[in-house]
Amino acid sequence: MRASTRLIWTVTVLVLAAVSEAVFPLPSNPFLPGNHNRKLGKQGGGKKGGGRRRGGAEAQTNWPGKWELFLPNSGVSAMHAILMPVINQVQFYDATIWRISQIKLPPGVPCHVVDPKINKVDCWAHSVLVDINTGVIKPLALTTDTWCSSGGLTVNGTLVSTGGYGGGANTARYLAACPTCVWIEYPQALAAKRWYSTQASLPDGKFFVIGGRDALNYEYIPEEGQNNKKVYDSLLLKQTDDPDENNLYPFVWLNTDGNLFIFANNRSILLNPKNNQVIKEFPQLPGGTRNYPGSGSSALLPIQLYMNNAKVIPADVLVCGGSKQDAYNRAGKKDFEPALQDCARLSINSGKPRWKKEMMPTPRVMSDTVILPNGDVILVNGAKKGCSGWGYGKDPAFAPILYKPRGKRGLRFKELAPSGIPRMYHSIAIALPDGKVLVGGSNTNDGYRYNVEFPTELRVEKFSPPYLDPALANMRPKIVNNGAPKQIKYGKVFKVKVELNQKEVTKDNLKAHMLAPSFTTHSISMNMRMLLLGVASVNPSGGNCFEIQAAAPPNGNIAPPGYYLIFAVYKGVPSVGEWIQIV
């Protein structure tokens, strides 16, 4: 897709040998203000991040999962996706530039006037809401171009979509979570053009947006209807912008201390969004590039909470796959290099953070990383060769990979049942309330094309992970009707009532997890976040019912306000999730 005409300069690429566990410090700390050699204060405390949780052993199964076709035609190719709270509908949208899709705007909705001088109009829908249970599709009108944009949910569940292509690059769009809501667009809301940028939620529920093509800076998204005029330069983006870019769609995760972990290309920092100061630089991650068009994928691993939490709550970042630094250039010459096969993990609140690597069963680029309701991670979609771009990926990765964060190092990966549909560039994957994974998209073409190696894909699938093994059905808890509150407040204890036909049920094996819906596009899952809640007790509540007493997250640093799915999880088998709002 690269269309930039920027001056390409020559740089020397330092190739670092990848080893399984090492620290790769830079010779200096150019991002830190003041004394570059100052020592950082000791961090840490509490229980180690990534350690095995207390409690009973997980249920065992060798079931590899199962694929099912959910929709034969989604109308719009799913380049971007997010699960809308409460209404249980997924928003798919692609790009308006092509002026084509496979679904028309509904009667009564005026066509978009593309060029009034020649009366050129676009009557195709480029945004759809899909009911995750029935598959009913509702087309919506968009006027600004959402091509390669970003997004996230407000405290009240409204989708805020930012950036895009051309006239859409400075736009902020709003879609509330209701059956009759429509897009509201503000074309001048952003100070900089944001094409391939990343949006992140802040502890107060507001948004930060960083990067984009030729936008080596960041800004804060204003309130709806207002325009922002101020940007902040990013030295990280400037110093990681190589001839193939490789720093678009940077990975951004809100740390448990309220600061932002930002990863671009192969380097990462911790940024304080209150004063815009870089407070830490992390070791380089060697081996290649991890961001677009190198397109690895990332997750902030589940955050373990307790009834009484340490002052510093551990947080681990996972970065998987990607490509060699020159993969984009080589793919343009029809030389498709093998993707990277490593996954690297970093405890970002450690006093001496270092990347620890493991090898996946297969190389992967353009994969989507999804946190499952039980706290496991699945990597799905993508390719084994090449990188992102029109026709720049080869050898589809049909089989998902399961990663168990709490497993023994070297034994955390497992390959699962393959799909029969290639999911290449512009694919998506998101977790659903029923524990399945919704998988869609794949369009490695400049437009909607079908007589090509990898056609524009409109089929949507659902994947059932191993915990949905029919043999484990009797171990699946059920949150009873009105068994969970609709709203909770920070730090308060609340109750979740579940039905579970098991004899030995304790706080060691029945847990409460909260999952924030992610905005997914281009192998990046913005704002994906899981909280493993502290549990005070699990008590019998009559019949086959039990009552979990759990503690809400302590503050917005741990969990920004807004909507989450809450799951009861028994020995690694999750219930159907219910919507809950932190206020």
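## Briefing: a buried strand, two loop residues and the cysteines

Phe282 sits in the loop between β20 (277–281) and β21 (297–300). This is a predicted model, and Phe282 is one of several spots in it worth a look. Beyond that loop, we'll go through strand β34 and its partners, then Thr61, then the cysteines, where the model holds three disulfides.

**Phe282 and its surroundings**

- Being in a loop doesn't put Phe282 on the outside: its relative accessibility is 2%, so it counts as buried.
- Who does Phe282 touch, once residues up to four places away in sequence are set aside? The contacts are Phe261, Ser268, Ile269, Leu270, Leu346, Ile348 and Pro353.
- Ser268 shows up again if you look at the backbone: its C-alpha atom is 5.6 Å from that of Phe282, with the two positions 14 residues apart along the chain.

**Strand β34 and its partners**

- Is strand β34 (residues 460–464) largely enclosed or largely open? Five of its five residues are buried, so the rest of the structure largely encloses it.
- The cut-off behind that call is a relative accessible area under 20%.
- Both faces of the strand are covered: Val460, Lys462 and Ser464 point one way, Glu461 and Phe463 point the other way, and all are buried. Note that Lys462 and Glu461 are among those buried residues.
- One pairing partner is strand β2 (residues 66–71), which runs antiparallel to β34 and is joined to it by five bridges.
- Another is strand β33 (residues 437–441), also antiparallel to β34, with three bridges.
- Glu461 is a handy reference point for both pairings. It is the bridge partner of Leu69, and Val439 stands opposite it as well.

**Thr61, in the loop before β2**

- Thr61 belongs to the loop between β1 (21–22) and β2, and β2 is the strand that pairs with β34.
- The side chain of Thr61 has two polar partners to check. A polar atom of that side chain lies 3.0 Å from the backbone nitrogen of Trp63, and a polar contact of 2.5 Å joins the side chains of Thr61 and Asp469.
- Leaving out neighbours within four places in sequence, Thr61 is in contact with Lys414, Pro466, Asp469 and Leu472. So Asp469 turns up both as a contact and as a polar partner of Thr61, with a cut-off of 4.5 Å for contact and 3.5 Å for a polar contact.

**The disulfides**

- How are the bonded cysteines connected when counted along the chain? The pattern is 1-2, 3-4, 5-6.
- Cys111 and Cys123 form one of the disulfides, with an S to S distance of 1.9 Å. This pair links distant parts of the chain, 12 residues apart: Cys111 is in the loop between β4 (89–93) and β5 (112–115), while Cys123 is in the loop between β6 (120–122) and β7 (127–131).
- The link of Cys111 and Cys123 is right-handed, with 105 degrees about the S-S bond. Both ends are partly exposed, Cys111 at 30% relative accessibility and Cys123 at 22%.
- Cys178 and Cys181 are joined at 1.9 Å S to S. The torsion about their S-S bond is about 115 degrees, so this disulfide is right-handed. Cys181 is buried, with a relative accessible area of 15%.
- Cys320 and Cys343 are joined at 1.8 Å S to S. Cys320 lies in strand β23 (residues 316–320) and Cys343 in strand β24 (residues 342–347), so the pair ties together parts 23 residues apart in sequence.
- The link of Cys320 and Cys343 is right-handed too, with 110 degrees about the S-S bond. Are its ends buried or exposed? Cys320 is buried at 3% relative accessibility, and Cys343 is buried at 2%.

**Other cysteines**

- Cys545 counts as buried at 15% relative accessibility.
- Another buried one is Cys387, with a relative accessible area of 0%.
- As for bonding, the disulfide pattern is 1-2, 3-4, 5-6, and Cys387 is in no disulfide. The nearest cysteine sulfur to Cys387 belongs to Cys148 and is 14 Å away, whereas the cut-off for a disulfide is 2.5 Å.

Conventions. Residues are numbered from 1 along each chain as its sequence is written. This is a predicted model: local features need pLDDT of at least 70, side-chain atom pairs count only at pLDDT 80 or more; totals for chains, interfaces and linings use all residues. Side-chain values use heavy atoms; hydrogens and water are left out. Buried means under 20% relative accessible area, exposed over 50%, partly exposed in between (1.4 Å probe, protein chains only). Helices (H or I, at least four residues) and strands (E, at least two) are DSSP runs, numbered from the N terminus. Two strands pair if DSSP finds at least two bridges between them. A polar contact is a pair of N or O atoms within 3.5 Å; within protein, one must be able to donate a hydrogen and the other to accept it, and residues adjacent in sequence count only if both atoms are side-chain atoms.
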